[in-house]
Amino acid sequence: MTAVHPSTAGRELSKPPLDGVSNLRFSNHSDRLLVSSWDKSVRLYDAGSDALLGEFMHGGAVLDCCFHDDTSGFSASADHTVRRYVFGSGKEDILGRHDAPVRCVEYSYAAGQVISGSWDKTLKCWDPRGASGQERTLVGTYPQPERVYSLSLVGNRLVVATAGRHVNVYDLRNMSQPEQRRESSLKYQTRCVRCYPNGTAMERLLQVGVMVMLMYGMETTRNDYIRHEPDAIFVRSVNEVEAKPKPKVYPTPP
């Protein structure tokens with residue numbers, strides 16, 4: 001298969017992180033870009049003007065980050081902390097802690113809560129509007145079957161992918177138990193999970209780079225799936241996947 005290269009060259013930021021990038025998030029409202037890195041930093045850029053707007057350091061590698069608004073956000077760190085930071089004022093505080101590195105963090109605008117997933121096999125929900133301190137901001141702790149590797153949110157629906165090929169689907173309005181529990185019949189570990197924007201399906205990226213789409217309404221015992229065949233392959237290792245409307249769908253051959 002011949003790779004089709006984009007006609008416009010990308011632009012490299014002049015002050016990038018000093019180690020590998022663990023995640024990056026674009027703002028929904030501007031050209032601002034939030035970047036977490038193994039160099040223990042979270043950085044905020046204006047991608048349009050190539051300007052570094054702020055930087056916060058952690059005690060360990062930063063494994064994930066997300067926006068709250070254009071000037072503030074949250075991070076998940078290998079130092080077991082979930083942090084909140086405001087770039088405009090330079091304010092930073094610890095929203096809460098896990099008992100192992102925190103792999104994922106998401107902010108739910110629908111629930112007004114921060115959700116973190118950790119390798120301590122728990123999911124935790126935090127209220128960032130509460131007073132500082134873990135006991136006052138922790139909304140709930142929800143045990144998972146294995147270490148959490150990926151989270152994805154759309155509306156009130158939360159999808160959690162863990163080691164052991166488990167995927168749990170929650171309604172944030174009732175976190176007492178998952179709406180769905182799945183255990184993949186595929187032999188490879190789920191590396192990343194992403195919800196479709198319309199909330200009808202989710203995509204999973206396996207350890208070997210195969211992308212699988214699962215419909216929420218399917219019976220969990222069937223493990224039906226549709227493979228998405230890429231138009232071209234540019235990299236050896238795929239770390240993240242994002243949902244794009246109207247993908248090309250190829251049914252799995254019998």
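**Pairing, burial and contacts in a strand-rich chain**

Mentor: In this predicted model, strands S2 and S3 (residues 41–46) pair in the antiparallel sense over 5 bridges.

Trainee: What makes S2 and S3 a pair?

Mentor: A pair needs at least two bridges. S2 and S3 have 5, so they count as paired. As an example, Ser36 has Val42 in S3 as its bridge partner. The hairpin between these strands has 3 residues, and Lys40 in it takes a positive phi near 75 degrees.

Trainee: How do you know that S1 and S2 pair, and in which sense?

Mentor: The cut-off is again at least two bridges. Strand S1 (residues 21–26) and S2 have 5 bridges and pair in the antiparallel sense, so the criterion is met. Arg25 stands opposite Leu34 in S2, and a hairpin of 5 residues joins S1 to S2.

Trainee: What is the order of the strands in this open sheet?

Mentor: The order is S1-S2-S3-S4, 4 strands with antiparallel pairing. S1 and strand S4 (51–57) are called edge strands because each pairs on one side only. Direction ignored, neighbouring strands of the sheet are turned by 15 degrees against each other on average. S3 and S4 are joined by 6 bridges and run antiparallel, and Leu44 has Gly54 in S4 as its bridge partner.

Trainee: Why is S2 called largely enclosed?

Mentor: The count of buried residues decides it: in strand S2 (residues 32–37), 5 of the 6 residues are buried, so the rest of the structure largely encloses the strand.

Trainee: How do you know whether Ser75 is buried or exposed?

Mentor: Buried means under 20% relative accessible area. Ser75 has 0% relative accessibility, so it counts as buried. Ser75 is found in strand S6. The side chain of Ser75 makes a polar contact with that of His58 at 2.8 Å; the limit for such a pair is 3.5 Å, so the distance qualifies. The C-alpha atoms of Ser75 and Val42 are separated by 7.6 Å, although the two residues are 33 apart along the chain. Beyond four places in sequence, the residues that Ser75 touches include Val42, His58, Thr81 and Val105.

Trainee: And Ser77, buried or exposed?

Mentor: Ser77, which lies in strand S6 (residues 72–77), is at 0% relative accessibility and counts as buried. Not counting neighbours within four places in sequence, its contacts include His58, Val62, Pro101 and Val102.

Trainee: Why is Thr81 called buried?

Mentor: Its relative accessible area is 1%, and the cut-off is under 20%, so the label follows. Thr81 belongs to strand S7 (residues 81–86). Its side chain makes polar contacts with the side chains of Asp79 at 2.5 Å and Arg83 at 3.1 Å. Set against the 3.5 Å limit, both distances qualify. Outside its neighbours within four places in sequence, Thr81 is in contact with Ser75, Ala76, Ile94, Gly96, Arg97 and Val102.

Trainee: Which residues of strand S16 are on the covered face, and which on the uncovered one?

Mentor: In strand S16 (residues 180–183), Gln180 and Arg182 form the covered face, while Arg181 and Glu183 form the uncovered one. In a regular strand, side chains alternate between the two faces of the sheet. Strand S15 (residues 166–171) pairs with S16 in the antiparallel sense over 4 bridges, one of them between His166 and Glu183.

Trainee: What makes up the largest nonpolar core?

Mentor: This core has 12 residues, among them Cys104, Ile115, Leu123, Leu151, Val160 and Met175. They belong together because they are buried residues of nonpolar types joined through side-chain atoms within 4.5 Å. Strands S11 (122–126), S13 (148–154) and S14 (157–162) each give two or more residues to this core. Nonpolar side chains tend to be buried together in soluble globular proteins. A second, separate core of 10 residues includes Phe74, Ala76, Val105 and Tyr107. Beyond four places in sequence, Leu151 touches Cys104, Ile115, Leu123, Leu158 and Val160, including also Glu106 and Arg194 among its contacts.

Trainee: What share of the chain counts as buried?

Mentor: Of its 254 residues, 47% count as buried. The chain has 1 helix and 20 strands. It exposes about 13300 Å², with 50% of that supplied by carbon and sulfur atoms.

Notes. Residues are numbered from 1 along each chain as its sequence is written. This is a predicted model: local features need pLDDT of at least 70, side-chain atom pairs count only at pLDDT 80 or more; totals for chains, interfaces and linings use all residues. Side-chain values use heavy atoms; hydrogens and water are left out. Buried means under 20% relative accessible area, exposed over 50%, partly exposed in between (1.4 Å probe, protein chains only). Contact means heavy atoms within 4.5 Å. A polar contact is a pair of N or O atoms within 3.5 Å; within protein, one must be able to donate a hydrogen and the other to accept it, and residues adjacent in sequence count only if both atoms are side-chain atoms. Accessible areas come from the Shrake-Rupley method with a 1.4 Å probe; for residues, only the protein chains shown count as cover. Axes are lines fitted to C-alpha atoms, for helices over the stretch in contact, and angles run from 0 to 180 degrees between N-to-C directions.
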